[in-house]
Amino acid sequence: MSFSEKQEALVNSSWESFKQNLPHYSILFYTIILEKAPAAKGMFSFLKDTAGVQDSPKLQAHAEKVFGMVRDSALQLRAKGEVVLGDITLGAIHIEKGVVDPHFVVVKEALLKTIKEAAGDKWSNELSTAWEVAYDGLATAIKKTMN
Ligand code: HEM
Ligand code: ISQ
């Protein structure tokens with residue numbers, strides 16, 4: 001299945017909504033991740049010494065980076081049908097932090113829930129699927145560099 005212009009547009013429009021309230025949505029994103037994988041708290045340098053999930057420029061920057069990379073992966077899928085990882089050190093970083101396969105599912109679910117909140121009444125199954133396909137393409141590219 002190829003990635004359509006419409007799917008790319010759906011990802012882009014909800015990315016804008018996400019960015020409009022980055023402090024709120026990045027906290028929501030981490031909160032959902034930690035609900036599902038409490039032990040992941042200790043993996044993030046900017047979370048491990050704080051109580052709960054507290055707003056900080058670092059926390060926002062990391063969340064923005066992840067969502068931004070998924071958005072870029074949508075662009076790549078539409079333009080050339082595959083995701084090429086810009087940063088080949090990403091696999092090594094994640095291995096070193098102790099990231100394993102099931103974590104990718106947790107992060108995906110949190111990303112989709114966060115996008116659902118951000119999109120509001122513009123949310124649809126089609127929009128959600130577009131994010132999911134873009135995330136899966138990116139996750140596969142990262143995992144390939146984790147072997
Ligand atoms: C670090 C992206 C999945 C945990 C990083 C970095 C990037 C990144 C770009 C480098 C540091 C930064 O700039 O944030 C991604 C993307 C993912 C993904 C695009 C999925 C498609 C995961 C998963 C986990 C995870 C599933 C596990 C819960 C971490 C941790 C770091 C990191 C713990 C180090 C953060 C620090 O303390 O500096 N990731 N990541 N990542 N990632 Fe991921
Ligand atoms: C995964 N990798 C890097 C940064 C992140 C920020 C929030 C949630 C997951 C992440």
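Contact here means heavy atoms within 4.5 Å. With that cut-off in hand, the description of this predicted model can start at Lys 41, in the loop between α2 and α3. Leaving aside residues up to four places away in sequence, Lys 41 touches Leu 34, Leu 47, Lys 48, Thr 50 and Gly 52. Lys 41 is buried, yet no salt bridge goes with it. The nearest side chain of opposite charge belongs to Asp 49, and that is 7.6 Å away, whereas a salt bridge calls for a nitrogen and a carboxyl oxygen within 4 Å. What the side chain of Lys 41 does have is a polar atom 2.4 Å from the backbone oxygen of Thr 50.

Next comes helix α3, residues 57-80. Its 24 residues, at 1.5 Å each, should span 34 Å, and the end C-alpha atoms are indeed 34 Å apart, so expectation and model agree. The buried residues of the helix are Leu 59, Gln 60, Ala 63, Phe 67, Val 70, Ser 73, Ala 74, Gln 76 and Leu 77. The spacing in that list invites a look at helix geometry: an α-helix has 3.6 residues a turn, so residues three or four places apart point the same way. As for partners, the buried residues of α3 pack against α1 (5-20), α2 (22-36), α5 (101-119) and α6 (125-144). Just past the end of α3, Gly 81 takes a positive phi of about 75 degrees.

Ligand 1 has 18 residues around it, and the ones that come nearest are Met 43, Ser 45, His 62, Lys 65 and His 94. Some polar pairs can be picked out. Ser 45 puts a polar side-chain atom 2.7 Å from an oxygen atom of the ligand, while for Lys 65 the distance from a side-chain N or O atom to a ligand oxygen is 3.3 Å. His 94 deals with a nitrogen atom of ligand 1 instead, with an N or O atom of its side chain 2.8 Å away.

On the charged side, the structure holds six salt bridges. One of them joins the side chains of Glu 126 and Lys 6, at 3.1 Å from N to O. Glu 126 sits in α6 and Lys 6 in α1, so this pair ties together parts that are 120 residues apart in sequence. Both ends are partly exposed: Glu 126 has a relative accessible area of 40%, and Lys 6 comes in at 48%. Glu 8 and Arg 78 also meet in a salt bridge, here at 2.5 Å. With Glu 8 in α1 and Arg 78 in α3, the pair ties together parts that are 70 residues apart in sequence. Glu 8 counts as buried at 11% relative accessibility, but Arg 78, at 34%, counts as partly exposed.

A further salt bridge runs between Lys 108 and Glu 132, whose closest N and O atoms are 3.1 Å apart. It links α5, home of Lys 108, to α6, home of Glu 132, across 24 residues. Lys 108 is buried at 15% and Glu 132 partly exposed at 29%. Asp 136 joins these two in a network of salt bridges.

Lys 108 is also one of the residues that Tyr 135 touches, along with Val 70, Phe 104, Val 107 and Leu 111, again not counting residues up to four places away in sequence. Tyr 135 lies in α6 and counts as buried, at 6% relative accessibility. Its side chain reaches the backbone oxygen of Phe 104 at 2.7 Å.

Key: Residues numbered from 1 in each chain as written. Chains lettered and ligands numbered in written order. Predicted model: local features only at pLDDT ≥ 70, side-chain atom pairs only at ≥ 80, totals over all residues. Heavy atoms only, no water. Helix = DSSP H or I, 4+ residues; strand = E, 2+ residues; numbered from the N terminus. Expected span 1.5 Å × (residues − 1). Buried < 20%, exposed > 50% of the residue type's maximum accessible area, 1.4 Å probe, protein only. Lys, Arg positive; Asp, Glu negative; His and termini not counted. Polar contact = N/O pair within 3.5 Å; in protein donor to acceptor, adjacent residues only side chain to side chain. Near = heavy atom within 4 Å.
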